[in-house]
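This briefing walks through one pocket, the strand and helix elements around it, and the overall make-up of the chain. Please keep the sequence and the structure in view while reading.

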Amino acid sequence: DNPDFPQTETQWAKKQIYNKGINRINALQQNEIKLSSIVSNEHSRVDELKEIKTYIFRIDADTPELQKAVKIELDNLKIKFPDYNFETKFGSKE
């Protein structure tokens, strides 16, 4: 919630779920990944990160409109990345 930059649930979900989801997966698919200040394509943590195929989006808010918008963007991510799984947890930081 930022009154200076109001967004609809649809706009928020597109930016925070779809766009950031694509950015994260594309970044991990690169041959060379920068972790902290080290650049390596052989680092064991990099290999572990590249193997992650399930992403859970944790969202503090929980409204029917937000759930609907997020589901649409999760479905869009699944179309773009069929080998990945995407989940959400609403209303909790746990």
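The second largest pocket is lined by Gln-16, Lys-20, Gly-21, Arg-24, Ile-25, Tyr-55, Ile-56, Phe-57 and Phe-86. The model is a predicted one, and the volume of about 160 Å³ computed for this second largest pocket should be read in that light.

**The pocket lining**
- Helix H1, which spans residues 9-28, and strand S3 each contribute at least two residues to the lining of the second largest pocket.
- Five of the lining residues come from H1, and this is the largest share of the lining of the second largest pocket.
- Sorted by class, the lining of the second largest pocket comprises five nonpolar, two polar and two charged residues.

**Strand S3 and its two faces**
- Strand S3 covers residues 54-59, and its side chains alternate along the strand, with Tyr-55, Phe-57 and Ile-59 pointing to one face, where they are buried.
- Thr-54, Ile-56 and Arg-58 point to the other face of S3 and are not buried.
- Tyr-55 and Phe-57, from the buried set, and Ile-56, from the set that is not buried, are listed together among the residues that line the second largest pocket.

**Pairing and crossover**
- S3 is joined by six bridges to strand S4, which covers residues 85-90, and the two strands run parallel.
- Within this pairing, Ile-56 of S3 stands opposite Glu-87 in S4.
- Between the two strands the chain passes from S3 through helix H3, residues 64-80, to S4, and this β-α-β crossover is right-handed.

**Gln-11 in helix H1**
- Gln-11 lies in helix H1, the helix that also supplies five residues to the lining of the second largest pocket.
- Is Gln-11 buried, exposed or partly exposed? With a relative accessible area of 45%, Gln-11 is partly exposed, because the value falls between the limits of under 20% for buried and over 50% for exposed.
- Gln-11 and Val-70 are separated by 59 residues in sequence, while their C-alpha atoms are 10.0 Å apart in space.

**The chain as a whole**
- The chain contains three helices and four strands, and from the N terminus on these elements follow the order α-β-β-α-β-α-β.
- The chain has 94 residues, of which 23% count as buried.
- Among the contacts in the chain with a separation of 6 or more, 67% are between residues 24 or more positions apart.

Conventions. Residues numbered from 1 in each chain as written. Predicted model: local features only at pLDDT ≥ 70, side-chain atom pairs only at ≥ 80, totals over all residues. Heavy atoms only, no water. Buried < 20%, exposed > 50% of the residue type's maximum accessible area, 1.4 Å probe, protein only. Pairing = 2+ DSSP bridges. Right-handed = clockwise from strand over helix to strand, strands pointing away. 1 Å grid on protein atoms, 1.4 Å probe; cavity = no way out; pocket = protein on both sides within 12 Å on 5 of 7 lines; lining within 4 Å. Points joined across faces, edges and corners; volume = space filled by probe spheres on them. Nonpolar A, V, L, I, M, F, W, Y, C, P; charged D, E, K, R; others polar. Contact = heavy atoms within 4.5 Å.
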